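Hi everyone, thanks for making time. I'd like to walk you through a few local features, so please have a look at the structure as it comes up.

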Amino acid sequence: MKSLHENHTFELMKLSKGKKALKNKWVFMLKIDEHCLQPRYKARLVMKGFGQKKDIDFEEFFSPVVKMSPIRVVLGLATMNFKVEQLDVKTAFLHGDLDEKIYMEQPEGFEAKNKEQLVCKLKRSLYGLKQAPR
């Protein structure tokens with residue numbers, strides 16, 4: 001939730017007439033590294049994107065695919081005294097802006113006190129949305 005708030009992922013508001021709030025769920029994981037003795041507990045808020053309707057909640061969706069030719073070029077350049085590094089963005093899906101107006105129910109366990117009737121208007125994409133990989 002801290003990442004969601006820091007990235008201004010949503011704002012609370014009344015549901016617009018004719019709109020439906022999508023459901024969400026928490027996905028919990030236990031990550032165990034080879035080098036670390038302590039397991040890490042992870043939680044991720046995931047949208048139930050199967051409730052989205054084409055041309056209403058989204059126009060197109062994406063599935064990014066990497067071709068082998070650019071990877072070969074980068075690795076070929078790396079053999080010429082360049083250094084290859086890896087970059088991992090923990091909240092990559094939280095950086096995509098949304099063009100559509102999408103509403104979700106407040107996350108379970110994090111309902112705002114005295115504002116339970118409000119819904120979250122998404123300003124950024126979340127895992128599970130059809131347009132999230134964009």
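Let me start with a definition: a patch here is made of residues with over 30% relative accessible area and no salt bridge, and nonpolar side chains are joined within 5 Å. Please keep in mind that this is a predicted model.

With that in hand, Met68, Ile71, Leu75 and Val84 form a nonpolar surface patch of about 350 Å². Val84 sits in the loop between α2, residues 68-78, and β4, residues 103-104.

Now for the aromatic rings. How many aromatic pairs does a search of the whole structure find? Just one. The partners are tryptophan 26 and phenylalanine 110, with ring centres 5.6 Å apart and planes at 50°, so the pair counts as tilted. This pair links distant parts of the chain: tryptophan 26 belongs to strand β2, residues 24-31, while phenylalanine 110 lies in the loop between β4 and β5, 84 residues apart. And burial? Tryptophan 26 is buried at 18% relative accessible area, whereas phenylalanine 110 is partly exposed at 45%.

Last, some backbone angles for you. Histidine 8 is not a glycine, yet it has a positive phi of about 50°. You'll find histidine 8 in the loop between α1, residues 2-6, and β1, residues 10-13, and it is exposed, with a relative accessible area of 53%.

Asparagine 114, also not a glycine, has a positive phi of about 65°. Its place is the loop between β4 and β5, the latter being residues 119-122. Asparagine 114 is exposed too, at 69% relative accessible area.

That's my tour, thanks for listening!

Key: Residues numbered from 1 in each chain as written. Predicted model: local features only at pLDDT ≥ 70, side-chain atom pairs only at ≥ 80, totals over all residues. Heavy atoms only, no water. Patch = residues over 30% accessible without salt bridge, like charges linked within 9 Å, V, L, I, M, F, W, Y side chains within 5 Å. Areas by Shrake-Rupley, 256 points an atom, 1.4 Å probe, with all protein chains shown as cover. Salt bridge = Lys/Arg side-chain N within 4 Å of Asp/Glu carboxyl O. Helix = DSSP H or I, 4+ residues; strand = E, 2+ residues; numbered from the N terminus. Buried < 20%, exposed > 50% of the residue type's maximum accessible area, 1.4 Å probe, protein only. Phe/Tyr/Trp six-rings, centres within 6.5 Å; stacked < 30°, edge-to-face > 60°.
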